[in-house]
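Work through the exercises below with the model open. Try each task before reading its solution.

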Amino acid sequence: MALHVEMMIDGFFIGGPCDQAVGKQVIRAPYDGKIVGTAAEGGWSELNTCLDAAHAAFQTWKHSPRHQRQKLLRNIAQIVRDRSEELSQLLTLEIGKPITASRGEVARLALTFDYAADLVSSYGQEAIPIDTDPRGAGYKCTVERFPIGVIFCIVPYNWPFNLTAHKIAPALATGNTVIVKPSPLAPISTLTLARIIHEAGCPPGVVNAWNGHHSHVQKSLNDPRVRMLSFTGSAAVGWKLKESMPDRRVTLELGGDASVIVAADADLDWATKRIIAGGYGYAGQICISIQHVLVHRSIYDEVRARLKELTNNCPTGDPSLDSTVCGPLISEEAAAKVMAMVEEAVAKGAKVLAGGTRIGSMMQPTLIEGVPSDTRLSCEEAFGPVLTLSPFDTLDQAIAQVNASQFGIHAGVFTTNIEVAEQVYRDLEVGGVIINDYPTLRFDNMPYGGVKRSGFGREGVRYAMDEMTEPKALVQRVI
């Protein structure tokens, strides 16, 4: 039976299946085109009501005691765990994420809310010694972080649960209120999470979830009651939105074309298996999926042969099967875009070693070498199951190649040499370096974000809490 989800505004669910005053968006499964369900779709009136509700709720929620916020976050995490398989199946249906990856996302979803709950106990207050200055004798200074207000959150389709949580959980923990706009490609999952938050005991207006056309978003961001934008999506959209909010806070989590460096001393059994998982898992639809593989020339032929075999044998197809690694892209249009990037590279001299075909939204994992630097596949985000392969002679050369990218979220390096590990950590221009694993690795309590065109600010629960709060100092003369 097809699902239907509603928007959540001020504690009410708007746009039920029989509500003819609110539009309905039909969502189809990327894998087979079958109808997954429908989602209520609002306009400016509903979005403006979200603004009213979030602003009004902030006046009380900002004073809420820590135990109340902590209990809410724990309740959300518990409901997610209680319904984990249901939520995992929904992800696989709506966005075509392979079921093992969907289960992983739902497990992380619960952890993200738990991390926020853990931090509530100790976050946001510190004592500063000021008597290192002779004038400070007889004074004490404390600093407390205060919530800033209404946070407008725009989330992508590829992680509609956990990337939503990375905005909502720190906001709730710090006493802010939220408006969430899901991706039009995955509204069912995000609106389902909004209902879970309501069921967990969230007060009306503290979290609001609105689904609708993006044309209304800029109007809402022009409203001074919105104190911060937290955006995950494309660089083109993200940077444009940031320009429209010069006097308010913005965090951007944008695109990437992650590279991995395979040094001459790498464990090739481990490295090649992880490269396949990091490049083709979930059809490469992750901002830190591997796109470029740089291999030391002394082992290039061996790595090339291994990756070719592993690519040809990568389990691809039905995302409901536990064995599937590479499922469909989110749409046929998305798959066609990636295929066009491969075809352009081939036309300019690149060679496809494995894969390179597609049917509808399904694209075969593709390994390609000799990609010219003036092609889109070389310098733009593919966001698909494609690995480019190239040799390097010196570590400095590999580092320079990675740093030439306009992006920079994560990079991975396979090596057993601690000096190499230290050098790449110091010299790579990225937000995070992963040693002896793929750059697709992320833990939800670490800082996460990019440099250059990849983003602005940081997520990761503790770091997002800093972005969403303002420090205020209190200096007292001790009498």
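Four exercises follow, all on this predicted model.

**Exercise 1. Cysteines**

Find how many disulfides the structure holds, and explain the result for C202 and C326.

*Solution.*
Step 1. Set the criterion: two cysteine sulfur atoms must lie within 2.5 Å.
Step 2. Take C202. The closest cysteine sulfur belongs to C153, 12 Å away, so the pair is too far apart for a bond.
Step 3. Take C326. Its closest cysteine sulfur is in C314, at 5.8 Å, which is also too far for a bond because the cut-off is 2.5 Å.
Step 4. Check burial, where the limit is under 20% relative accessible area. C202 has 7% relative accessibility and counts as buried. C326 is buried too, at 0%.
Result: the structure holds zero disulfides.

**Exercise 2. The surroundings of M8**

Place M8 in its secondary structure element, decide whether M8 is buried or exposed, and list its contacts beyond four places in sequence.

*Solution.*
Step 1. Locate the residue: M8 sits in strand β2, residues 7-9.
Step 2. Read the accessibility. M8 is at 2%, so it counts as buried.
Step 3. Leave out neighbours within four places in sequence. M8 then contacts F13, A194, H198, V207, N208 and A209.
Step 4. Compare sequence with space. M8 and G205 are 197 residues apart in sequence, yet their C-alpha atoms are 8.8 Å apart.

**Exercise 3. A helix pair**

Describe how helix α3 and helix α6 pack, and which residues meet.

*Solution.*
Step 1. Define the pair: α3 spans residues 84-95 and α6 spans residues 187-199.
Step 2. Take the geometry. The axes are 9 Å apart, at an angle of about 155°.
Step 3. Classify the angle. Values over 145 degrees count as roughly antiparallel, and α3 and α6 are therefore roughly antiparallel to each other.
Step 4. List the contact. From α3 come L87, L90, L91 and E94; from α6 come P187, I188, S189, T192 and I196.
Step 5. Sort these residues by type: six are nonpolar, two polar and one charged.

**Exercise 4. Nonpolar cores**

Which residues of the largest nonpolar core touch the most other members? Then trace the contacts of L172.

*Solution.*
Step 1. Take the largest core, with 65 residues. L73, I76, F113 and L172 touch the most other members.
Step 2. Follow L172, not counting residues up to four places away in sequence. L172 touches W61, R69, L72, L73, I76, V206 and V207.
Step 3. Look for another core. A second, separate one has 38 residues, including L268, A283, V293 and I368.

Terms used:
Residues are numbered from 1 along each chain as its sequence is written. This is a predicted model: local features need pLDDT of at least 70, side-chain atom pairs count only at pLDDT 80 or more; totals for chains, interfaces and linings use all residues. Side-chain values use heavy atoms; hydrogens and water are left out. Buried means under 20% relative accessible area, exposed over 50%, partly exposed in between (1.4 Å probe, protein chains only). Helices (H or I, at least four residues) and strands (E, at least two) are DSSP runs, numbered from the N terminus. Contact means heavy atoms within 4.5 Å. Axes are lines fitted to C-alpha atoms, for helices over the stretch in contact, and angles run from 0 to 180 degrees between N-to-C directions. Angles under 35 degrees count as roughly parallel, over 145 as roughly antiparallel, 65 to 115 as roughly perpendicular and the rest as oblique. Ala, Val, Leu, Ile, Met, Phe, Trp, Tyr, Cys and Pro count as nonpolar, Asp, Glu, Lys and Arg as charged, and the others, Gly among them, as polar. A nonpolar core is a set of buried Ala, Val, Leu, Ile, Met, Phe, Trp, Tyr and Cys residues joined through side-chain atoms within 4.5 Å.
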